[in-house]
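Thanks for passing this one along. Here are my notes, in the order I'd go through them with the model open.

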Amino acid sequence: MIKFIIMGLLLISSYSYAQDINDTTGAWISAGDAQKVLDHHNMARKEVGVSPLTWSKELAAYAQQWADHLASTKTFSHRQNRKYGENIFMGSGNYTPLDASLDWYSEKKGYTYSKIGGGGSTGHYTQMIWKKTTEVGVGVAIADNGDIYVVANYSPPGNYIGEFPY
């Protein structure tokens, strides 16, 4: 039990730097973590031949608001009536924003190039690689129970039914 408490405190302390909005990123994500997530997204995009994304402080601030909401309410759902594309992640344990991106990317194995349909389980991946998307921003929040919430917002949004992602 003490081992788990110590591990939880280490996780929380590793993100304690993120309790103030970072002027560079626009959210509670460090510049280093933001770069790792951006680089990972752009690696996925390069694989399918689409242009790289750029970081948006505005999108990161928007994502941060939702991550804060999810952490404070300990809920896990997409924002209603969102104006941007959105990927969300929640984990109990030692997770980083890059882990969220890796999780979304893992959906690639279930994706077969096709037009977006009304269902499926690859929407996080296809949002990452959506050809018309040019910007991403990510927010991170930790609930008082130690759960980490990561929200990514994308502009312009993707995953339009009946369209190819790239």
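The points below go from the overall layout to individual residues.

1. **What we're looking at.** First off, this is a predicted model. The protein has five helices and four strands, and along the sequence they come in the order α-α-β-α-β-α-α-β-β. So the chain starts on two helices and ends on two strands.

2. **Burial and surface.** Out of 166 residues, 45% count as buried. The exposed surface comes to about 8600 Å², with carbon and sulfur atoms supplying 57% of it. As for how the chain packs on itself, take the contacts with a separation of 6 or more: 68% of them are between residues 24 or more positions apart.

3. **Helix α4.** This one is worth a look down the axis. In α4 (residues 97-105), the buried residues are Pro97, Ala100, Ser101, Trp104 and Tyr105. They fall within an arc of 135° when viewed down the axis of α4, so they line one face of the helix. The spacing fits the usual picture: an α-helix has 3.6 residues a turn, so residues three or four places apart point the same way. And what covers that face? The cover over the buried residues of α4 includes α2 (31-47), β2, α5, β3 and β4.

4. **Salt bridges, and the Asp144–Lys74 pair.** The structure holds four salt bridges; I'll go through three. In one of them, Asp144 pairs with Lys74, and the closest N and O atoms are 2.7 Å apart. The two partners sit in distant parts of the chain, 70 residues apart: Asp144 is in the loop between β3 (135-142) and β4 (148-155), and Lys74 is in the loop between α3 (57-73) and β2 (85-91). Is this pair buried or exposed? Asp144 is exposed, at 67% relative accessible area, while Lys74 is partly exposed, at 41%.

5. **Glu86–Arg79.** Here the closest N and O atoms are 3.9 Å apart. The cut-off for a salt bridge is 4 Å, which means this pair falls within it. Both partners, Glu86 and Arg79, are buried.

6. **Lys132 and what it touches.** Lys132 meets Glu163 in a salt bridge, at 3.8 Å from N to O. This pair also links distant parts of the chain: Lys132 is in the loop between α5 (123-129) and β3, Glu163 is in the segment after β4, and 31 residues separate them. Lys132 is exposed, with a relative accessible area of 56%, whereas Glu163 is partly exposed at 29%. Which residues does Lys132 contact, leaving aside its neighbours within four places in sequence? They are Pro156 and Glu163. The C-alpha atoms of Lys132 and Pro156 are separated by 6.6 Å, although the two residues are 24 apart along the chain.

7. **Backbone geometry to check.** Most residues other than glycine have a negative phi, and most peptide bonds are trans. Three places deserve a glance with that in mind. The peptide bond joining Ser155 and Pro156 is cis, with omega about -20°; Pro156 lies in the segment after β4, and is the Pro156 that Lys132 contacts in point 6. Lys74, the partner of Asp144 in point 4, has a positive phi of about 50° although it is not a glycine. Asn159 also has a positive phi, near 65°. Asn159 is found in the segment after β4 and counts as partly exposed, at 24% relative accessibility.

8. **The largest pocket.** The largest pocket holds about 460 Å³ of space. Its lining takes in 23 residues, and the closest to the centre are Ile116, Gly123, Thr126, Gly158 and Asn159. Which element gives the most to this lining? That is α5, with four residues; β2 also supplies at least two. Asn159 turns up again here, close to the centre and with the positive phi from point 7, so I'd open the pocket and that stretch of backbone in one view.

Conventions: Residues are numbered from 1 along each chain as its sequence is written. This is a predicted model: local features need pLDDT of at least 70, side-chain atom pairs count only at pLDDT 80 or more; totals for chains, interfaces and linings use all residues. Side-chain values use heavy atoms; hydrogens and water are left out. A salt bridge is a side-chain nitrogen of Lys or Arg within 4 Å of a carboxyl oxygen of Asp or Glu. Buried means under 20% relative accessible area, exposed over 50%, partly exposed in between (1.4 Å probe, protein chains only). Contact means heavy atoms within 4.5 Å. Accessible areas come from the Shrake-Rupley method with a 1.4 Å probe; for residues, only the protein chains shown count as cover. The arc is that of the directions from the helix axis to the C-beta atoms. On a 1 Å grid over the protein atoms alone, a cavity is a set of points where a 1.4 Å probe fits but cannot get out, and a pocket is an open set with protein on both sides within 12 Å along at least five of seven lines; lining residues have an atom within 4 Å of a point. Grid points are joined across faces, edges and corners, and a volume is the space filled by probe spheres set on the points.
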